[in-house]
Amino acid sequence: MQGAARRRPFPAAAPGSPHPGRHGAVKNEDTFKTSPFHFDLWFYFTLQNWVLDFGRPIAMIILPLEWFPLNKPSAGDYFHMAYNVITPFLLLKLIERSPKTLPRSMVYVSIIMFVMGASIHLVGDSVNHRLIFSGYQHHLSVRENPIIKNLKPETLIDSFELLYYYDEYLGHSMWYIPFFLILFIYFTGCFTPVEEESRMPVAALLLVGPSSLYYWYLVTEGQIFILYIFTFFAMMALVMHQKRKGLVLDSNGLFLFYSFIITLVLIALWVVWLWNDKILRKKYPGVIYIPEPWAFYTLHMNNLHAAKENF
């Protein structure tokens, strides 16, 4: 009894707060907190997405080959390496700013998978984009490419198909599934009972366009429309569910939600524009016809084949 009396109790917790001994417990008042618009994080996201992801292949093409020989990493590869470090850090910072306590284990596992997938994609994408300088055409399948189908022995073609699988399927899946999962986890905490807080500031309006355009590129080039549309439907379902509870999206939630809506419009316009393209139709024969921007580039705008003659 004396030992028990000397035992120091936990300090009294504030009403509605979790017990201090329970690590990661969800706070009762989490739903009723509101975060200001994270202009700095969303700006950094948009900037690094455009420069380090969309800008990767562009930097590889426009910079002289003498600086980055074909048997060495290109400028785009270094962009990709920076992306693989900066993006997980920004995602973690975004989760930290959520007004709601989110499942940490799921977030950490998702970040680990994201880094693994993006790293796998780095290798496959590096080789595939360097092949453009040798005449590789992204609008054709691996076996239909002139520079591939004449390889001897033919088992080398299987190796290139394996490389394509790691780049376009395994790498993309391990990269994008955790990415969209983290965005959705964060989205679940973007609700407030105050109607006046459910509006987008001017800063958000300025960023929503570039952000949506990048997501368009991400979905079309990554061929992840199914993942994107399921994430969007989950967001819509959550918004309707929370509305019945008297909760509305805050400025950060509105920014993310409207970005996904505009992305869907851009994807629809892209598909309508290329609807009658017979060559791209052949490469994307499925029910969901969404051509990749780089396949469109190598088919209609690519003048790099002449570079082969300069080597």
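Is Glu161 buried, partly exposed or exposed? Glu161 is partly exposed, with a relative accessible area of 31%. Here buried means under 20% relative accessible area, exposed over 50%, and partly exposed in between (1.4 Å probe, protein chains only).

Before you start: this is a predicted model, where local features need pLDDT of at least 70, side-chain atom pairs count only at pLDDT 80 or more, and totals for chains, interfaces and linings use all residues. Residues are numbered from 1 along each chain as its sequence is written, and side-chain values use heavy atoms, with hydrogens and water left out.

**Stop 1: Arg143 and Glu161**

Select both side chains. They meet in a salt bridge, 3.0 Å from N to O. The term means a side-chain nitrogen of Lys or Arg within 4 Å of a carboxyl oxygen of Asp or Glu. Arg143 sits in the loop between α4 and α5, and Glu161 in helix α6 (residues 155-187). Helices are DSSP runs (H or I, at least four residues), numbered from the N terminus. Arg143 is partly exposed at 39%.

**Stop 2: Glu144 and Lys282**

Now select Glu144 and Lys282. Their closest N and O atoms are 4.0 Å apart in a salt bridge. This pair links parts 138 residues apart: the loop between α4 and α5, and helix α10 (residues 278-283). Glu144 is partly exposed at 36%. Lys282 is exposed at 62%.

**Stop 3: Arg56 and Asp125**

Go to Arg56 and Asp125. This salt bridge has its closest N and O atoms 2.6 Å apart. Arg56 lies in helix α2 and Asp125 in helix α4, so the pair ties together parts that are 69 residues apart in sequence. Arg56 is buried at 7%. Asp125 is buried too, with a relative accessible area of 7%.

**Stop 4: the largest cavity**

Keep Asp125 selected. Add His121, His129, Glu168 and Glu221; these five lie nearest the centre of the largest cavity, among 21 lining residues. A cavity is a set of points on a 1 Å grid over the protein atoms alone where a 1.4 Å probe fits but cannot get out; lining residues have an atom within 4 Å of a point. The space is about 180 Å³, a volume filled by probe spheres set on points joined across faces, edges and corners. Colour α6 next: it gives the most to this lining, with 6 residues.

**Stop 5: the second largest cavity**

Select Arg56 and Asp125 again. Both line the second largest cavity, with residues including Met60, His80 and Leu122. Its volume is about 70 Å³. Helix α4 gives the most to this lining, with 4 residues.

Definitions and conventions: Helix = DSSP H or I, 4+ residues; strand = E, 2+ residues; numbered from the N terminus. 1 Å grid on protein atoms, 1.4 Å probe; cavity = no way out; pocket = protein on both sides within 12 Å on 5 of 7 lines; lining within 4 Å.
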